[in-house]
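Trainee: Could you take one small part of this model and walk me through it closely, then show me how the rest sits around it? I'd like one connected account.

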Amino acid sequence: MSAEEKKDETTGVGTTGHEWDGIEEWNNPLPRWWVYTFYATVIWGIIYTILFPAWPMVTRATAGMLGFSTRGQVMADIAAFEDKHAGLREELAVADLNTLNENPDLQNFAVQMGSSVFRNNCSQCHGSGAAGVQASGYPNLLDDDWLWGGTIDDIAYTVTNGVRNEQSPDTHWSEMPAFGADEILSGEEIAQVVQYVRQISGQEHDAELASAGAVLFADQCSSCHMEDGTGDPALGAPDLTDAIWLYGGDVATLTETVTYARFGVMPAWSEEFRKGAGLSQTEINAVAAYVHQLGGGE
Amino acid sequence: MSSTDSSPLYAAREPIFPRRVNGSFRTFKWVIMAVTLGIYYLTPWIRWDRGPELPDQAVLVDLAGRRFFFFWIEIWPHEFYFVAGLLIMAGLGLFLFTSALGRVWCGYTCPQTVWTDLFILTERWIEGDRNARVRLWKQKWDARKWRLRISKWIVWLLIGLATGGAWVFYFTDAPTLAVDLVTLNAHPVAYTTMAILTFTTVLFGGFAREQVCIYMCPWPRIQAAMMDEDTITIAYREWRGEPRGKGKRRRELAEQAEAVSYAAGAKHGGTSPKVPMPGMPSGVGGPIPAKEGYGDCIDCNACVNVCPMGIDIRDGQQMACITCGLCIDACNDVMDKIGKPRGLIGYMALTDELREREGQEPKPVIKHILRPRTILYTTLWSLVGIGLVVALFMRSDIDVTVAPVRNPLYVTLSDGSIRNAYDVRLLNKHGEERPFRVSVTGDPAVRIQVEGTPYETVTVPADETRLQRVYVIAPPGSDPAQGGLTDIRFWVEDLINGDRAYKDSTFSGVGQ
């Protein structure tokens, strides 16, 4: 680099003396306001880090003098949202569920809220899509077959009191005898009943065994499952003639069901029975409205 | 690095006091200013009847409702490709104009230029023309200076306020907002936006001016890359103007030069040493023809005094030149007065300056403009434009999207039927609610069921999307129920005018 100041020939602008393949770096001075803007941003940065959370410390960042936090902002947003919908929540708690569809705003609110309640509390067994798990006997809530009734009031009742749950005095209760384990029926008789159930549900069956099973069915099963096998939601007795099986309609599963019986349970979700972990009346109504519109509601 | 020691690291802005000028380019710029500012300030007030359910503002960006209204066109968020297409057209248009005519955008229509022009105009009204402003700038802060400065700033603030105010009118119903703003009932966002835009307008138009173009704007750099030897831009006819000079000395030298030229002309054929053309690579410029004494430039500095960028066009092409044309007006005025032909400064291709030096005719303008590059830009620009127009006329006022519910894929009903669920979004772009009938084709076995109603018709509110759960049911034993995936097509029909739209989807059977 030469000691004397270089100048670009055409423009007379000084250069830094740096040159790469004939391209020279000019030395135009920065505008003064640009420098001041830079200082201003430095000052702004200092003030900002004092006012707002900024510097990482050992356990957490400095809080900032304004007390601002994004979490606080979210909490405020949630509180504002709750405030805004307080009226709808109260309305939903005392609403007549059968006429919910006459009030689209309330119904929409209930379904949206119920969707969230369902995902938080019900999806662990019934699945996030409410399709249930057949292998475990968690019912599919999307179809048109209901163990304990599928009107919106029925659903709300089931959610409130649960199934075979002693915490609630009003819980759904039914007890199918364990026909094999309790030696009410012999293995051969169970096979006959199973073939009869496959017959009335329109599946492949052995006609001879089934006709013998028909007699046993009328004796042992029809008091709950009805003479034609269509069941009774009041007793929680499933319809055996349709295409829907809680545990499965194949021979092995039916044999197991008749031999040992099944005792699916469901929590009683009302706050009354589940202190601190239950659902409020608003939430129960919401989730009932949600489940009712999943495609199977009666 | 001793060379940097003597250079300052930063420098104060040199104030610029553009002198008033008259001429065809100045008139043209006044017209453009009136048109562009008129469009900007008046557009929000144009009304456009769209029916009772929709806003009647011709141009409205409805951020809350996520709609953009432009006269008869209504853009929904999913049609944002129109905006992308317009931006691509704007980019290609800028390329086209820059490669053909240099920085015309900067010189005539850029908001920074237009508003700066407006601010300089009001400055001149209040403080006087160039010389008065220079005097005022140099003098002490007495009562008169304070009075002029404060009245200027107040006018600037009002212009800034009108600018920021007009901006917010694009985002909500203008007459309502105007009343709300005055009665202090408007949303704080409106006031904040106005305050910010008022501040930036006054800062950029009143104080920063050419600094925005030189230091803040990326376009000068990009546009410089767009220009080539055929681009028509503003330049100084150096061969005609140089050597410049004025006054008594000009006359004396003219007499001397006559004698020198006589001798030189006899010996060398009348050429002077080779002088590079500023802005062109060295060695490109031809020799400036020797002439008797001085060139046509009388060094009156009129071109410098009117320049809003504070540059000297006679230095050649430079980044700070926004090609506003005011130096052309100023120089033509002077040329008229001294009885020389106009056009010492004018629009030309830089190669033409060289041709003229050699005594050749300049290339015709049409040959400069029509070249592969500009034709390519025009073609691309037109293709995008035609595509957008076609898309605009092809789109229907109703639409449907279908999302199959995959959790679970299907549900078995008690009679053994297989049911699939779909989230169907029905779009109604009309200004009134419409009954839409949903149907499905693809397999004769399947039937449709709309959640929550025994009918196949749903009412979609005006200018909204309705999310509707729809079931498709295949009877037991049918092909769709037993098979894997069956192609089906959802149809939606507007029962008022019979418009139809469809969306393809699939039906999941138990067989997959």
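Mentor: Sure, let's start on chain B, where B:Phe69 stands opposite B:Glu74 in β4(B). Keep in mind that this is a predicted model. The Phe belongs to strand β3 of chain B, residues 67-70, which pairs with β4(B) in the antiparallel sense over three bridges. Zoom out a little and you have an open sheet of three strands, ordered β2-β3-β4 in chain B, with antiparallel pairing. Its edges are β2 (59-62) and β4 (73-75) of chain B, each of which pairs on one side only. From one strand to the next, the twist averages 10°.

Now for the chain around that sheet. The domain assignment splits chain B into domain 1 (14-226), domain 2 (232-363) and domain 3 (398-508). Between domain 1 and domain 3 of chain B, the C-alpha centres are 49 Å apart. There is still a contact between these two: five residues of domain 1 of chain B meet five residues of domain 3 of chain B. On the domain 1 side of that contact in chain B, you find three charged residues, one polar and one nonpolar.

How far should you trust chain B? Its pLDDT averages 87, and 89% of its residues score at least 70. The stretch to watch is 261-286 of chain B, where pLDDT is below 50, although in the model this stretch has 41 contacts beyond near neighbours in sequence. Where pLDDT is low, the predicted coordinates should not be read in detail. For the complex, the predictor gives an ipTM of 0.83 and a pTM of 0.77.

That brings us to the other chain. The contact between the chains takes 31 residues from chain A and 29 residues from chain B. On the chain A side, the elements that give two or more residues are β1 (15-20), β3 (30-31) and α1 (32-51) of chain A. Of these, α1(A) provides the largest share, four residues. By class, the chain A side that touches chain B has 12 nonpolar, 11 polar and eight charged residues. There is strand pairing across the chains too: β3(A) pairs with strand β1 of chain B, residues 10-11, in the parallel sense over two bridges. Look there for A:Pro31, which stands opposite B:Ala11 in β1(B).

Moving further into chain A, follow helix α4, residues 104-121. The axes of α4 of chain A and helix α3 of chain A, residues 86-93, come within 10 Å and cross at roughly 90°, so α3(A) and α4(A) are roughly perpendicular to each other. From α3(A) the contact uses A:Leu88, A:Glu91 and A:Leu92, and from α4(A) it uses A:Leu106, A:Phe109 and A:Ala110. That set divides into five nonpolar residues, no polar and one charged.

The helix α4(A) also packs against helix α11 of chain A, residues 281-292, at an angle of about 95° with the axes 7 Å apart. That makes α4(A) roughly perpendicular to α11(A). Among the α4(A) residues in this contact are A:Ala110, A:Val111, A:Met113 and A:Phe118, while α11(A) brings residues including A:Ala286, A:Val287, A:Tyr290 and A:Val291. The contact of α4(A) with α11(A) counts 10 nonpolar, four polar and one charged residue. If you want one residue to click on, try A:Ala110: it takes part in the contact with α3(A) and also in the contact with α11(A).

Methods:
Residues numbered from 1 in each chain as written. Chains lettered and ligands numbered in written order. Predicted model: local features only at pLDDT ≥ 70, side-chain atom pairs only at ≥ 80, totals over all residues. pLDDT = per-residue confidence, 0-100. Contact = placed C-beta atoms within 7 Å. Domains from an automatic or database assignment. Nonpolar A, V, L, I, M, F, W, Y, C, P; charged D, E, K, R; others polar. Pairing = 2+ DSSP bridges. Axes fitted to C-alpha atoms, helices over the stretch in contact; angles between N-to-C directions. Parallel < 35°, antiparallel > 145°, perpendicular 65-115°, else oblique.
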